[in-house]
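Me: I would like a close look at a single part of this protein, with the reasoning spelled out for someone in a first year of study. Please begin with the whole chain and then settle on one helix and its aromatic rings.

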Amino acid sequence: MGVLSEEKVDSFNLPTYNATPKELEAIIRTNGNFTIEKMEKLSQPRRRITANEYASGIRAGIDGLIKKHFGDEFVDEIFNYFTTKVEENYSIIEEKIRNVSNLFISLKRFA
């Protein structure tokens with residue numbers, strides 16, 4: 001599209017991994033600095049979120065990283081394009097996010 005340099009786009013990497021509750025528990029125990037006081041899956045009312053709500057949630061999480069890497073002047077344009085792409089591919093995305101769970105975890109730090 002010519003808005004961002006190809007070098008900037010190619011150098012942006014945001015690896016993510018969503019651990020299962022068992023993996024998360026193992027990570028916390030391996031860390032050795034905390035005990036798990038409570039861990040439970042939060043029940044959520046199941047409502048369909050819109051493509052715009054999904055894109056806004058992603059923006060809330062990575063807006064600062066985008067600004068730092070690409071600059072403030074490009075953020076709105078990047079996320080407007082992202083929202084358009086989410087809308088075009090929402091059936092695929094919705095299938096993936098339907099099974100996402102949120103956990104409540106209460107930790108106690110070892111003294």
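**A close look at helix H4**

Reply: In this predicted model, 15% of the 111 residues of the protein count as buried. The secondary structure comes to 5 helices and 2 strands, and along the sequence these follow the pattern α-α-β-α-α-α-β. The radius of gyration is 18 Å, well over the 13 Å that the globule rule gives for 111 residues, so the protein is more spread out than a compact globule. Its C-alpha trace spans about 50 × 35 × 20 Å along the principal axes.

Now to the helix itself. At 1.5 Å a residue, the 14 residues of H4 should span 20 Å, and the end C-alpha atoms of H4 are indeed 20 Å apart, which agrees. The buried residues of H4 are Val 75, Ile 78, Phe 79, Thr 83 and Val 86. Seen down the axis of H4, these buried residues fall within an arc of 135°, so they line one face of the helix. An α-helix has 3.6 residues a turn, so residues three or four places apart point the same way. The buried residues of H4 pack against H3 and helix H5 (90-97), while the face of H4 turned away from its buried side carries the exposed residues Asn 80 and Glu 88.

The aromatic rings come next. The count for the protein comes to 2 aromatic pairs. One of them joins Phe 12 and Phe 70, a tilted pair with 5.3 Å from centre to centre and 50° between the planes. Phe 12 lies in the loop between helix H1 (6-11) and helix H2 (21-31), whereas Phe 70 lies in helix H3 (residues 51-70), so this pair ties together parts that are 58 residues apart in sequence. Phe 12 counts as partly exposed, because its relative accessibility is 26%, and Phe 70 counts as buried, because its relative accessibility is 11%.

The rings of Phe 79 and Phe 82 have their centres 6.3 Å apart and their planes at 90°, so this pair is edge-to-face. Phe 79 and Phe 82 both lie in helix H4 (residues 75-88), 3 residues apart, which is about one turn of the helix. Phe 79 has a relative accessible area of 5% and is therefore buried, whereas Phe 82, at 28% relative accessibility, counts as partly exposed.

Notes: Residues are numbered from 1 along each chain as its sequence is written. This is a predicted model: local features need pLDDT of at least 70, side-chain atom pairs count only at pLDDT 80 or more; totals for chains, interfaces and linings use all residues. Side-chain values use heavy atoms; hydrogens and water are left out. Rings of Phe, Tyr and Trp (its six-membered ring) pair if their centres lie within 6.5 Å; planes under 30 degrees apart count as stacked, over 60 as edge-to-face and the rest as tilted. Helices (H or I, at least four residues) and strands (E, at least two) are DSSP runs, numbered from the N terminus. Buried means under 20% relative accessible area, exposed over 50%, partly exposed in between (1.4 Å probe, protein chains only). The expected span of a helix is 1.5 Å times one less than its number of residues. The arc is that of the directions from the helix axis to the C-beta atoms. Contact means heavy atoms within 4.5 Å. The radius of gyration is taken over C-alpha atoms; the globule rule is 2.2 Å times the number of residues to the power 0.38.
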